[in-house]
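Colleague: I would like to learn how to read the contact between two parts of a chain. Could you take me through an example, beginning with the charged pairs?

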Amino acid sequence: MIESRTPWAWPPLTSAQRTVLLDVLVNGPRSRSQLTRRTGLSRATLSRLTRDLTAAGLLEEAGPAVASGPGRPSDVVALRSDGAHFVGMKLTGAALYVAVTDLQARVLTTEEVPLGSREIDDVVATMAAAVERARAAFPRVSAVGVCLAGDVQVVDRSAWVIGSDFLGWDRVPLEAAVVAATGLPTAISNDVQALTVAHYWFGAGRGTGSLAVFGVGAGIGAGLVVDGRLVRGAHGRTGKVSHLIVTGDGPRCYRGHVGCASAYVTVPAMLANAGAATFDDVVAAARAGETAADEALRAAGTALGVLVANLVNLVDPDKVIVTGEARIVGEYARAELDEALGRMLDPSAIAPPVDVHPFAFTDYAWGAAITAVRHLV
Ligand SMILES: [Zn+2]
């Protein structure tokens, strides 16, 4: 006889339950009195609510807190990190990068799957197979996040990919397709925006109120959190810094602009400016003292500094993170970046820390998994 087991499904949560769960998710173990103060809920309501979240396997009792004043110590509740799992996926034109995380956004496994084709049905089938493998290993997979370099827009409450050059897609109802193929709630995002959300909640931007994240790679894009919210704009297309004019002279970008960001601070631009075949070659040649490669990286650093300054002038972030596969520009040409930043910042602007953050390609998949967490919590 085949044993029938209902697969795990994320429980429906009230908005008060989501508030409590998010607080513990972001801030770590919390005493009941901290949560009462934070949420404004009564002690009795909060007790019922944490009991329900504990029964659902999402929270656990972590014993009494050390009393910080008069009165008896308040019990602490903590996240059950194995209470739920999330599958994040970053789609490029060539491969699917997968990261499975727990409820605390820790990466448990990663996988890289080459794409057999860019046909939508094939790509969705590849994603569904990756989700099935994740579910076989982690039975409490609760949601899926997918991110890609492209524009994502919500149409009739469902996310569509409006355009993605790398995949050659135009107007694809990707959220509906992934939900149909996996049966799981799914969040679809632009990749830099997903990484921005992830850094804001769980990464190098944690604790900030306003944050700018630059992803430097095949292209350059920026994600923005302002006053605690990801800025999506009217069409999901914020952070399009690729063609901002940086110098107004020098090389042309592929669209013919003279001295725009894409003429300096993308991998293809740096290859062209250095006369090299791969980005690793550019970096190695620059470190070996070759002039063209050195100048290409230093010009990219200047361009990045101008972009950072423009964004700081516009949105006044607490912090700027530079990441992506070509983030090394921010280290090699730090002096140029800082010089441009100092030159272009408004005199009254407060220069935020600019943090060049380590990067692995699966970071985007991790970012997508966080968008899946945020989809539910
Ligand atoms: Zn351009």
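Modeller: This is a predicted model, and between domain 2 and domain 3 the count is two salt bridges. One of the pairs is formed by the side chains of Asp151 and Arg237, with a nitrogen-to-oxygen distance of 3.7 Å, which lies inside the 4 Å limit used for a salt bridge.

Colleague: Which elements supply at least two residues each to the side of domain 2 that touches domain 3?

Modeller: Those elements are the strand β8, residues 151-155, and the helix α6, residues 191-202. Helix α6 makes the largest contribution to that side of domain 2, with five residues. By residue class, the side of domain 2 that touches domain 3 consists of seven nonpolar residues, three polar residues and one charged residue.

Colleague: How many residue pairs are in polar contact across the interface of domain 2 and domain 3?

Modeller: The rule finds two such pairs, both at pLDDT 80 or more.

Colleague: How should I read the size of such an interface?

Modeller: The size of an interface is often expressed as the accessible area that is lost when the parts come together. Here about 1,100 Å² is buried between domain 2 and domain 3, and carbon and sulfur atoms give 56% of that area. On the domain 2 side, Asp151, Gln193 and Thr196 supply 48% of the area buried against domain 3, more than any other three residues. Counted by contacts, 11 residues of domain 2 meet 17 residues of domain 3, while the centres of the two domains, taken over C-alpha atoms, are separated by 26 Å.

Colleague: Where do the domains lie along the chain?

Modeller: Domain 1 covers 15-79, domain 2 combines 84-197 with 363-376, and domain 3 covers 207-356. Separately, an unreviewed UniProt entry lists residues 14-63 as "domain: HVO-A0261-like N-terminal". Over residues 14-63 the chain is 68% helix and 14% strand, and the C-alpha atoms at the two ends are 25 Å apart.

Notes:
Residues numbered from 1 in each chain as written. Predicted model: local features only at pLDDT ≥ 70, side-chain atom pairs only at ≥ 80, totals over all residues. Heavy atoms only, no water. UniProt positions renumbered as here; feature names shortened; annotations may be inferred. Helix = DSSP H or I, 4+ residues; strand = E, 2+ residues; numbered from the N terminus. Domains from an automatic or database assignment. Contact = heavy atoms within 4.5 Å. Buried area = accessible area lost by both parts, 1.4 Å probe. Polar contact = N/O pair within 3.5 Å; in protein donor to acceptor, adjacent residues only side chain to side chain. Nonpolar A, V, L, I, M, F, W, Y, C, P; charged D, E, K, R; others polar.
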